[in-house]
Amino acid sequence: MTDDHEKFAKKITTYLDAGTAEIKSGTAYRLQQARAAALASLAPGAPRRAPQTALARAFAGGSSGDSGDSGSFWISGRLWFGILLIAAVSFAFQQWRVVQQTRELEELDAQILTSDLPIDAYLDRGFQTWLTRREP
Amino acid sequence: MPFGPPKLATPQEISGFLAAVERRAYKQAMFATRDNDAALDIVQDAMLKLVENYAGKPAAELPMLFQRILQNTIYDHFRRQKVRNTWTTLLSAFGKGDEKDDDYDPLETLAAKTESNAAADPAAQYEQAHVVRMIEQALSRLPARQREAFLLRYWEELDVAEAAAAMGCSEGSVKTHCSRAVHALAEMLKAKGLQL
């Protein structure tokens, strides 16, 4: 690694350090909270907590209380139950739509095939005109 | 020469280490994910893993261990995102669209008080913020491994062996990635008219 590389990298990291000082206060606060949560598990006899993701926080309704092991388990359980339920309902809905479409196509095919009118008639340009003229 | 078990990190040392590293860790996660919530989750996850699994290690080992955990957590995020994207594509017909406004946090609009007085002049402050933004954008565009190597070597000041251990690759690879990263950054910044 040349000295030029080192100098260039040093300049870049100086600017990066300046960038970390400009972190928004909301973000800095959340980082501080994350650190406090991590350090809380250092205390003797402290229960181990699963990290709470943004998604889990949303499902938990933004509550910030100490839920401990059982709380995390229930949050996680509810989350997965919700996801599975949504997936199951979506899958069932799609299956129902496919069955409906197939049934409609089958009915159309059956009507066309059992009709006295030959299929070629539908392609005839004059047929539609003739039909409209015959309507009262 | 006395040989004994290495001195283990005290809670104060761990706390001090996390306080010193949290902002850089957040920035690293941001460069990789470009997602504020994901970056915060990654840092929180990495901190918890370090404290829960490696609190009994010597303080000198914490930087390398934390960086390794952080990089792995970033990879895990991308793996999970891949699975999630598969489901999202599958269920896209039921999507509700943009929910960004729900995440608006008024606190985010306030910048934290800067700790340095180097850029007290508004013009200089603006200029510095502009340069920082350009550098951060350039870093985000680097290939993941190059960015990782560059940040570990120069920003986290790990030596080549430690960076290689944190990245799970050879020392030669770290040197190559670093060299390429420096060249790529210099090119990108030069293309934007920025000479450092």
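**Group meeting: a first look at a two-chain model**

Okay, let's begin with chain A: going along its sequence, the pattern reads α-α-α-α-α-α. So much for the order; the tally for chain A is six helices and zero strands. Please keep in mind that what's on the screen is a predicted model.

Since that's the case, let me talk about confidence before anything else. For the complex, the predictor reports an ipTM of 0.73 and a pTM of 0.61. Chain A has a mean pLDDT of 79, with 74% of its residues at 70 or more. Where in chain A is confidence lowest, and where is it highest? The low end is helix α3, residues 54–59, with a mean of 54, and the high end is helix α2, residues 25–40, at 91. There's also a stretch in chain A, residues 61–69, where pLDDT stays under 50. The model has seven contacts beyond four places in sequence for that stretch.

One more number for chain A: it has 136 residues, and 11% of them count as buried.

Now over to chain B. This one is helical too, with seven helices and zero strands, and along the sequence you read α-α-α-α-α-α-α. Chain B has 196 residues, of which 33% count as buried. If you take the contacts in chain B with a separation of 6 or more, 65% of them are between residues 24 or more positions apart.

Confidence again: the mean pLDDT of chain B is 83, and 82% of its residues reach 70 or more. Two stretches to look at with some care here. Residues 97–101 of chain B have a pLDDT below 50, and beyond near neighbours in sequence they make zero contacts in the model. Residues 106–119 of chain B are also below 50, but that stretch has 22 contacts beyond near neighbours.

Right, the core. The largest nonpolar core has 52 residues, and the members touching the most others are Ala29(B), Val43(B), Ala46(B) and Met47(B). Which helix gives the largest share of this core? That's helix α2 of chain B, residues 36–54, with 10 residues. Zoom in on Ala29(B) for a second: leaving out residues up to four places away in sequence, Ala29(B) touches Ala39(B), Ile42(B), Val43(B) and Ile74(B).

Next, a pair of helices in chain B. Two packed helices are described by the angle between their axes and the distance between the axes. Helix α3, residues 62–90, and helix α6, residues 160–167, have axes that come within 8 Å and cross at roughly 35°. The crossing of α3(B) past α6(B) is right-handed. On the α3(B) side you'll find Met64(B), Gln67(B), Arg68(B) and Gln71(B), and they meet Glu162(B), Ala165(B), Ala166(B) and Met167(B) in α6(B). Sorted by class, this contact has four nonpolar, two polar and two charged residues.

Last stop, the place where the chains meet. How many residues does each chain put in? It's 48 from chain B and 35 from chain A. On the chain B side, α1 (11–33), α2, α4 (122–141), α5 (144–155) and α7 (171–191) each bring at least two residues. The largest share of that side, 11 residues, is from α2(B). That's the helix we just met, with the largest share of the core. By class, the chain B side splits into 28 nonpolar, seven polar and 13 charged residues.

That's my tour. Questions are welcome!

How values were computed. Residues numbered from 1 in each chain as written. Chains lettered and ligands numbered in written order. Predicted model: local features only at pLDDT ≥ 70, side-chain atom pairs only at ≥ 80, totals over all residues. Core = buried A, V, L, I, M, F, W, Y, C linked by C-beta atoms within 7 Å. Buried ≥ 20, exposed ≤ 12 C-beta atoms within 10 Å, placed from the backbone. Helix = DSSP H or I, 4+ residues; strand = E, 2+ residues; numbered from the N terminus. Contact = placed C-beta atoms within 7 Å. Axes fitted to C-alpha atoms, helices over the stretch in contact; angles between N-to-C directions. Left-handed = near helix turned anticlockwise from the far one by under 90°. Nonpolar A, V, L, I, M, F, W, Y, C, P; charged D, E, K, R; others polar. pLDDT = per-residue confidence, 0-100.
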